[in-house]
Every structure is written in structure tokens, then in C-alpha cells.
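Work through these exercises with the structure open beside you. Try each task before reading its solution.

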Amino acid sequence: YTTLFRSRLLNKGSRYVSHSKRLDRPSAILWLVKNHPELSDVQIVKLLKTTKPTILAIREKTHKNYHSIQARNPVTLGLCSETDMNAAVAIALKKAQ
């Protein structure tokens with residue numbers, strides 16, 4: 001492998017996310033907002049690779065599909081790992097104290 005190719009393999013960078021997982025993101029955001037309100041928007045952005053306007057729309061209940069969104073755990077949807085989510089929650093709780 002060339003060094004450029006190797007660095008791309010090691011770099012997490014942006015990756016393709018399937019259409020079905022993109023549709024599941026609002027459900028995961030809603031679940032995090034309801035079950036872990038201590039998480040900041042920046043932590044949710046990093047955890048689910050979403051945008052702040054989407055999170056804000058779901059928090060304010062102005063998202064275009066808000067009434068059809070069902071809160072679902074992002075770990076079971078495959079959008080993040082349980083260790084990443086637990087670490088983000090631990091950091092948020094530590095900041096809150």
C-alpha cells in the first residue's frame with residue numbers, strides 16, 4: 001500500500017451511510033434527547049454524525065416528520081457503539097457536576 005492509501009484507511013473520515021440508516025437518525029436523536037438530556041448537541045453530532053439543525057428541530061418538535069418519528073436506541077440501530085455512547089454520557093454527567 002502507498003502511504004496515502006494507508007492514511008486513508010487509518011483516518012476515520014466521512015464514510016457512506018446507507019439510506020435506511022440516514023432515515024433512522026432522527027429516531028436515534030429523539031431517543032438520546034429523551035433518555036439522556038444531559039448530552040450536548042455537539043456530543044450528539046459527534047456520536048451520530050448528524051447536524052445541529054436536525055437536533056434542534058427534534059428538540060423543538062419542528063422536524064418535518066416529528067409526529068412519525070419513534071424513539072429508538074442508536075446502538076440497536078447500528079448508528080454508534082455502546083462504548084461510545086456510554087463514554088459520551090459519562091463525559092456529559094461529569095461536566096454537569
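## Exercise 1: Salt bridges

The predicted model holds 2 salt bridges.

**Task.** Which residue forms a salt bridge with D24, and where in the chain do the two partners sit?

**Solution.**
- Step 1. Look at the side chain of D24. Its salt-bridge partner is R72, with the closest N and O atoms 2.7 Å apart.
- Step 2. Place both residues. D24 lies in helix α2, while R72 lies in the loop between α4 (52-59) and α5 (74-77).
- Step 3. Check the separation. The two are 48 residues apart, and the pair links distant parts of the chain.
- Step 4. Judge the surroundings. The cut-off for buried is under 20% relative accessible area. D24 is at 17%, so D24 counts as buried. R72 is at 33%, so R72 counts as partly exposed.

**Task.** Which residue meets R59 in a salt bridge, and is each of the two buried or partly exposed?

**Solution.**
- Step 1. Follow the side chain of R59. It meets the side chain of D41, at 2.9 Å from N to O.
- Step 2. Place the pair. R59 belongs to helix α4 and D41 to helix α3, 18 residues apart.
- Step 3. Read the accessibility. R59 has a relative accessible area of 31%, so R59 is partly exposed. D41 has 23%, so D41 is partly exposed too.

## Exercise 2: The overall layout

**Task.** How many helices and how many strands does the protein have, and in what order do the elements run?

**Solution.**
- Step 1. Count the elements. There are 6 helices and 0 strands.
- Step 2. Read from the N terminus. The order is α-α-α-α-α-α.
- Step 3. Look at burial. Of the protein's 97 residues, 32% count as buried.
- Step 4. Look at the range of the contacts. Take those between residues at least 6 apart in sequence: 62% of them join residues at least 24 apart.

## Exercise 3: The nonpolar core

**Task.** How many residues make up the largest nonpolar core, and which helix gives the largest share?

**Solution.**
- Step 1. Start from the general rule. In soluble globular proteins, nonpolar side chains tend to be buried together.
- Step 2. Find the core. The largest one has 21 residues. Those with the most contacts inside it are I29, L32, L39, I44, L48 and M85.
- Step 3. Trace the suppliers. At least two core residues come from each of α2, α3, α4 and α6 (82-96).
- Step 4. Pick the main one. α2 gives the largest share, 6 residues.
- Step 5. Zoom in on I44. Beyond its neighbours within four places in sequence, I44 is in contact with I29, L32, V33, L39, K49, T50, I55 and R59.

## Exercise 4: Two crossing helices

**Task.** At what angle do α3 and α4 cross, and which residues make the contact?

**Solution.**
- Step 1. Compare the axes. They come within 9 Å and cross at roughly 120 degrees.
- Step 2. Give the hand. The crossing of α3 and α4 is right-handed.
- Step 3. List the residues. α3 brings D41, V42, I44 and V45, and α4 brings K52, I55 and R59.
- Step 4. Sort them by class. The contact has 4 nonpolar, no polar and 3 charged residues.
- Step 5. Link back. R59 and D41, both in this contact, are also joined by a salt bridge.

## Exercise 5: Two loop residues

**Task.** Is H36 buried or exposed, and which residues does H36 contact?

**Solution.**
- Step 1. Locate H36. It sits in the loop between α2 (19-35) and α3 (41-48).
- Step 2. Apply the cut-off. H36 has a relative accessible area of 18%, so H36 is buried.
- Step 3. Find the contacts. Leaving aside neighbours within four places in sequence, they are W31 and V89.
- Step 4. Look further along the chain. A92 is 56 residues from H36 in sequence, yet 9.1 Å away in space, C-alpha to C-alpha.

**Task.** Where is A71, and how far is A71 from W31 in sequence and in space?

**Solution.**
- Step 1. Locate A71. It lies in the loop between α4 and α5.
- Step 2. Read the accessibility. At 34% relative accessible area, A71 is partly exposed.
- Step 3. Take the distances. A71 and W31 are 40 residues apart in sequence and 4.4 Å apart in space, C-alpha to C-alpha.
- Step 4. List the contacts. Outside its neighbours within four places in sequence, A71 touches S27, L30, W31 and K34.

How values were computed:
Residues numbered from 1 in each chain as written. Predicted model: local features only at pLDDT ≥ 70, side-chain atom pairs only at ≥ 80, totals over all residues. Heavy atoms only, no water. Helix = DSSP H or I, 4+ residues; strand = E, 2+ residues; numbered from the N terminus. Buried < 20%, exposed > 50% of the residue type's maximum accessible area, 1.4 Å probe, protein only. Contact = heavy atoms within 4.5 Å. Salt bridge = Lys/Arg side-chain N within 4 Å of Asp/Glu carboxyl O. Core = buried A, V, L, I, M, F, W, Y, C linked by side-chain atoms within 4.5 Å. Axes fitted to C-alpha atoms, helices over the stretch in contact; angles between N-to-C directions. Left-handed = near helix turned anticlockwise from the far one by under 90°. Nonpolar A, V, L, I, M, F, W, Y, C, P; charged D, E, K, R; others polar.
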